[in-house]
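This report walks through one protein model, from local helix details to the overall fold. Keep the structure open while reading.

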Amino acid sequence: MIIKTLVENTALSKNFGSEHGLSLYIEANSRKILFDVGASELFLENAKKLNVDICEVDYLIISHGHYDHGGGLRAFLRENTKAEIFLHRLAFEKYYALRSNDEPEYIGLDEELKQNRRIVFTSDRFFVSKGVQVFSNITRKEPLPKSNDSLLMKQDGKIVQDTFAHEQNLIIEEAGKTLLVTGCAHNGIVNILEYFHDLKRRMPNYVIGGFHLSSRSGGNEAHEMIDRIGKYLVNTKAKFYTCHCTGLEPYKRLKTIMGDSIDYLSAGSEIHI
């Protein structure tokens, strides 16, 4: 497998742009997969610099209905005319974030794109192709990230707490290795891994994605919780690559606990499994 980071909050060098968002390009099982498209058209610019031809992508998987993961969807549809796009059936609902002025700001996807014929709506456990599947409907055994508290949704005409039922995770299996990819892990990275274990009766070999231990509006998860998560993750024996909404300070704390078991992915990063 080859994984190239097209969009992330930070960049490997000045050659790559960065933004609050995530986009990962993955080659596996003779398929070219895009996981999320960031907040804008930036993924296209960085893709060219990483020698990624967006026109050749076979599948686009969008992790959830927030703009920083699906904001580049219109640009993707313009550039790529063949890929199927897999989103959870609730991804186009109305989602908001409470900003510093206590006013909700719309952070959802472009509703005009919902009717596109290339979009495939998923739910629960969905098989994309051989060795590629997504899953949602996470059982919650552990508390959700505190940074979820400012994230909202519209339900029956009222603004309420987001349930994150629209979030899905990606599993890729190839040559005896399993990769788990999370967008933001709004449902809790521990809960997601526990649910993965329930599905597969084992832990993944590799995990890539955001763990939502930091909030864009300010504030990180409590040190005690980060330490608890770090100890759990290192005991899975998986190799972790984190990014985006984990936050740099929480990552540094995880790194002190997990050592070589965790590294950070910035825009421009390339890893081989």
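## Helix H1 and its surroundings

H1 is followed by Asn-51, and the phi of Asn-51 is positive, near 60°. The model is a predicted one. Within H1, the buried residues are Leu-42, Phe-43, Leu-44, Asn-46 and Ala-47. Their cover includes strands S1, S2 (23-28) and S3 (31-35), together with helix H3.

## Two cores

H1 also contributes to a core. The largest nonpolar core holds 29 residues. Those with the most contacts inside this core are Leu-6, Leu-34, Phe-43, Ile-54, Phe-76 and Ile-85. Two or more residues come from each of strand S1 (2-7), helix H1 (42-49), helix H3 (73-79) and strand S5 (84-88).

What does Leu-34 touch, leaving aside residues up to four places away in sequence? Its partners include Leu-6, Phe-43, Ile-54 and Phe-76. Leu-34 also touches Ser-23, Leu-24 and Tyr-25, as well as Val-57, Tyr-59, Leu-60 and Ile-61.

A second core is separate and has 25 residues. Among them are Ile-138, Phe-196, Met-203 and Phe-211.

## Helices H4 and H5

Phe-196 leads to H4, where it is one of the buried residues. The others are Ile-189, Val-190, Asn-191, Ile-192, Leu-193, Tyr-195 and Lys-200. H4 has twelve residues, and its first and last C-alpha atoms lie 16 Å apart, close to the 16 Å expected at 1.5 Å a residue.

H5 covers residues 223-235. At 1.5 Å a residue, its 13 residues should span 18 Å; the end C-alpha atoms are 18 Å apart, which agrees. Ile-226, Asp-227, Ile-229, Gly-230 and Leu-233 are the buried residues of H5. Seen down the helix axis, they fall within an arc of 165°, so they line one face of H5. On the other side, Glu-224, Lys-231 and Asn-235 are exposed. The cover over the buried residues of H5 includes helix H4 (189-200), strand S16 (239-242) and helix H6 (248-258).

Residues with positive phi come after three of the helices discussed here, as listed below.

| Helix | Residue that follows | Phi |
|---|---|---|
| H1 | Asn-51 | near 60° |
| H4 | Arg-201 | near 60° |
| H5 | Lys-237 | about 70° |

## A loop serine

Where does Ser-100 sit? Its place is in the loop between strand S6 (95-98) and strand S7 (104-106). Is Ser-100 buried or exposed? Its relative accessibility is 78%, so Ser-100 counts as exposed, the cut-off being over 50%. Ser-150 is 50 residues away from Ser-100 in sequence, yet their C-alpha atoms are 9.8 Å apart in space.

## The whole protein

The protein has six helices and 18 strands. Its radius of gyration is 17 Å, close to the 19 Å that the globule rule gives for 273 residues, so the protein is as compact as a globular protein of that length. Along the principal axes, the C-alpha trace spans about 50 × 45 × 40 Å.

Buried residues make up 55% of the 273 residues. The accessible surface comes to about 11900 Å², and carbon and sulfur atoms account for 46% of this area. Sequence separation is also worth a look. Among contacts between residues at least 6 apart in sequence, 70% join residues at least 24 apart.

How values were computed: Residues are numbered from 1 along each chain as its sequence is written. This is a predicted model: local features need pLDDT of at least 70, side-chain atom pairs count only at pLDDT 80 or more; totals for chains, interfaces and linings use all residues. Side-chain values use heavy atoms; hydrogens and water are left out. Helices (H or I, at least four residues) and strands (E, at least two) are DSSP runs, numbered from the N terminus. The expected span of a helix is 1.5 Å times one less than its number of residues. Buried means under 20% relative accessible area, exposed over 50%, partly exposed in between (1.4 Å probe, protein chains only). The arc is that of the directions from the helix axis to the C-beta atoms. Contact means heavy atoms within 4.5 Å. A nonpolar core is a set of buried Ala, Val, Leu, Ile, Met, Phe, Trp, Tyr and Cys residues joined through side-chain atoms within 4.5 Å. The radius of gyration is taken over C-alpha atoms; the globule rule is 2.2 Å times the number of residues to the power 0.38. Accessible areas come from the Shrake-Rupley method with a 1.4 Å probe; for residues, only the protein chains shown count as cover.
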